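The following note is offered to a colleague who is new to this entry. The points are numbered and may be read with the sequence and the structure at hand.

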Amino acid sequence: MIPPLLQDKLDNLKADMFSKPLLGVTFSTSKSEYYYDTVSSEIIRTSPFMKSLIEALLRKTKASRLRALTEVARKHSEEKVLKGLKAIIDKQQNDNILKQFSGDFELSLNHQYQNRRANLSSMVLEITQKCNFRCSYCMYGDNYSNKRKHSKISMKKDVALQAIKYFLDNCGSENPIITFFGGEPFLFPNLIEECMEYARGINPDTKFTITTNGYLLKPPHFDFIRKFQARVSISFDGPKAIHNSHRILSGGGETFDTIMKNIKDLFYIDADYVKENFMLFLTLTDIENLGKLSLFLGENQILNELPVSINKITIRGLKENVNEFMRTLPGDTYLNKLVNEYIDSYQGDKKKLVKAHNAYFFPQIKLVSVRFPIEKSYNLCKVCTIGDKRLFVDVNGDFRVCEKSHDLPIIGDINQGLNWDAVDRMKHEFLSTTNPCKQCWAVGLCNVCWVDIYDNNGQVNKNLKEDICKIRLAEYSIALRVFMELTELLGDNIFPKASS
Ligand code: SF4
Ligand code: SF4
């Protein structure tokens with residue numbers, strides 16, 4: 001029950017304050033309290049008292065907002081609450097922040113689909129589904145219920161060349177990029193080389209990337225890699241014990257020593273090339289290994305020269321009884337430790353000891369740094385664009401959204417090109433799941449993936465999406481906190497520019 005006096009006084013504020021909830025989230029760093037205001041995309045420092053007022057105004061119903069304000073008034077005083085609310089009204093009117101969203105909030109993907117013409121910039125070719133490894137967390141392995149499994153099927157040369165021709169004919173970029181993907185692409189080095197030759201014949205500016213497990217990356221292949229200036233992305237999990245516990249040969253057996261030797265051999269042939277064009281792709285199976293990864297990379301003279309990217313375990317399709325890969329979100333204590341180690345590295349000469357920390361934190365910092373305010377019609381601009389920039393072509397020549405999307409609808413093939421009706425259908429299916437997004441504080445940050453909303457039968461599944469949203473929201477909360485911890489220490493000028 002709201003005390004009548006407070007109710008009257010609140011009504012007298014004549015603010016539109018109670019008609020709708022605010023949209024945002026409060027969070028804390030070790031030093032301060034903050035509010036991320038979704039509508040304006042501002043991050044505002046608050047006092048603990050103002051935070052409690054904002055939290056009251058975030059409640060979903062008017063009755064619960066009033067009840068929560070009454071609770072705050074009991075702990076402090078009515079006067080203090082009224083003064084605080086006036087300060088919020090002042091901010092709404094003068095600074096355009098802390099506002100409820102007014103109008104009909106429509107989510108759309110329209111910005112990406114203005115014309116039905118492909119404007120591609122990169123294509124991933126699934127050269128083969130064959131692999132000489134059986135990594136424990138491989139999305140094509142037994143721990144996943146996904147349909148695509150390791151197989152012996154490989155791409156025929158004419159399929160590969162036709163895909164390349166389609167891509168380059170429909171490319172809107174001056175620097176088209178073709179990625180060779182598997183399975184393990186170096187099982188078919190001749191095909192890769194022939195594809196490169198063919199693509200360069202059509203467009204001499206075509207760039208190449210090869211994604212490999214590194215086991216077959218031997219000096220003889222280095223000639224064509226350098227000839228075509230290809231980039232090489234090596235999946236490699238760091239310290240020997242960690243790497244060997246997950247990345248094993250298909251017939252059983254360790255892989256760490258061979259990969260390390262291969263990298264070393266190529267480094268001694270042409271260190272500059274390796275430094276400029278190779279990168280490590282680390283899959284983080286347990287967040288608590290991050291410190292060990294950083295230490296390992298920092299202490300290894302060659303690996304420390306290479307850029308690193310951290311890949312999290314794919315959750316979609318992971319069988320329920322497999323939980324050993326799920327520790328990808330840090331608990332509070334471990335996150336504090338990581339953030340402190342990371343911050344420490346800026347204060348001394350320890351940067352090289354936080355290489356993996358850097359790879360883990362930077363995408364999160366970028367996610368928050370490049371955030372967008374909400375307009376009446378809101379484009380889901382962080383959601384990737386299907387049928388536009390990027391295309392995945394599987395071994396059969398079918399077009400798919402990406403390498404993780406073998407259970408999703410096919411969106412064309414090398415003979416017909418992109419099937420825009422299929423693309424449109426998927427777009428509508430995606431949007432049919434977005435009602436909860438209209439009340440979600442993370443809508444200005446969210447990069448939820450197409451793959452996360454489809455089940456193994458290629459049907460949109462809202463329950464699957466709900467599960468993923470819980471994980472995503474936890475990740476975005478961590479990202480906000482890490483972003484502000486670092487901003488407090490370093491200022492905001494080292495980050496990619498925010499839009500507001
Ligand atoms: S190397 Fe890649 S494709 Fe092969 S098993 Fe490992 S993760 Fe899967
Ligand atoms: S976390 Fe889920 S509900 Fe929130 S914006 Fe992203 S997809 Fe929508």
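1. In this predicted model, strands E12 and E13 form a hairpin with five residues between them. Gly-397, in the turn, has a positive phi of about 90°. Two bridges join E12 to E13, and the two strands run antiparallel. Within this pairing, Phe-392 has Arg-400 of E13 as its bridge partner.

2. Strand E12 also pairs with E5: four bridges join these two strands, which run parallel. Here Val-124 has Phe-392 of E12 as its bridge partner. Phe-392 is thus named in two pairings, with Val-124 and with Arg-400.

3. Into which order of strands do E5, E12 and E13 fit? They belong to an open sheet of eight strands, ordered E10-E9-E8-E7-E6-E5-E12-E13, with mixed pairing. Its edge strands are E10 (308–312) and E13 (399–400), each of which pairs on one side only. In general terms, strands of a sheet pair through backbone hydrogen bonds, either parallel or antiparallel.

4. The sheet may be followed from E6 towards E9. Strand E6 (residues 177–181) pairs with strand E7 (residues 207–212) in the parallel sense over four bridges, and Lys-207 in E7 is the bridge partner of Ile-177. E7 in turn pairs with strand E8 (residues 231–235), again parallel and over four bridges. In that pairing Thr-212 stands opposite Ile-234 of E8. E8 and E9 likewise pair in the parallel sense over four bridges, and Ile-234 stands opposite Leu-280 in E9.

5. The connection from E7 to E8 merits a separate remark. Together with helix H7 (residues 219–227), E7 and E8 make a right-handed β-α-β unit.

6. Two helices may be described in relation to this sheet. Helix H5 (residues 157–169) lies across strand E5 (122–126), E6 and strand E12 (390–393), and runs at about 170° to E5. Helix H13 (residues 355–369) packs on the sheet, where it touches strand E9 (278–284) and E10. The direction of H13 makes about 60° with that of E10.

7. Is Lys-312 buried, partly exposed or exposed? Lys-312 lies in strand E10. It counts as partly exposed because it has 17 C-beta neighbours inside 10 Å, where 20 or more would be needed for a buried residue. Not counting residues up to four places away in sequence, Lys-312 touches Leu-284 and Thr-328. Lys-312 and Leu-125 are 187 residues apart in sequence, and their C-alpha atoms are 22 Å apart in space.

8. A further open sheet has three strands in the order E1-E2-E3, with antiparallel pairing. E1 and E3 are its edge strands, each pairing on one side only. On average, neighbouring strands of this sheet are turned by 25° against each other, direction ignored. Five bridges join E1 to E2, which run antiparallel, and Glu-33 in E2 is the bridge partner of Ser-28.

9. Two helices pack on this three-stranded sheet. Helix H2 touches E1, E2 and E3, and its direction makes about 35° with that of E2. Helix H15 (residues 462–490) also touches E1, E2 and E3, and the direction of H15 makes about 55° with that of E1.

10. Which residues of helix H2 (residues 48–57) are buried? They are Ser-52, Leu-53, Ile-54 and Ala-56. What covers them includes strand E1 (24–28), strand E2 (33–37) and strand E3 (42–46), together with helix H3 (62–75) and helix H4 (78–94).

11. Ala-56, which is found in helix H2, may serve as an example. Why does Ala-56 count as buried? Ala-56 has 23 C-beta neighbours inside 10 Å and therefore counts as buried, since the limit is 20 or more. Leaving aside neighbours within four places in sequence, Ala-56 is in contact with Arg-65, Ala-68, Leu-69 and Val-72. Ala-56 and Glu-78 are 22 residues apart in sequence and 14 Å apart in space, C-alpha to C-alpha.

12. Finally, the surroundings of ligand 2 should be noted. The residues around ligand 2 are Pro-436, Cys-437, Cys-440, Ala-442, Val-443, Cys-446, Val-448, Cys-469, Arg-472 and Leu-473. By class, this shell has nine nonpolar residues, no polar residues and one charged residue.

Methods
Residues are numbered from 1 along each chain as its sequence is written. Chains are lettered from A and ligands numbered from 1 in the order in which they are written. This is a predicted model: local features need pLDDT of at least 70, side-chain atom pairs count only at pLDDT 80 or more; totals for chains, interfaces and linings use all residues. Two strands pair if DSSP finds at least two bridges between them. Two residues are in contact if their C-beta atoms, placed from the backbone, lie within 7 Å. Axes are lines fitted to C-alpha atoms, for helices over the stretch in contact, and angles run from 0 to 180 degrees between N-to-C directions. A residue is buried if 20 or more other C-beta atoms lie within 10 Å of its own, exposed if 12 or fewer, and partly exposed in between; C-beta atoms are placed from the backbone. A residue is near a molecule or strand if its C-beta atom, placed from the backbone, lies within 6 Å of it. Ala, Val, Leu, Ile, Met, Phe, Trp, Tyr, Cys and Pro count as nonpolar, Asp, Glu, Lys and Arg as charged, and the others, Gly among them, as polar. A crossover is right-handed if, with the strands pointing away from the viewer, the path from the first strand over the helix to the second runs clockwise.
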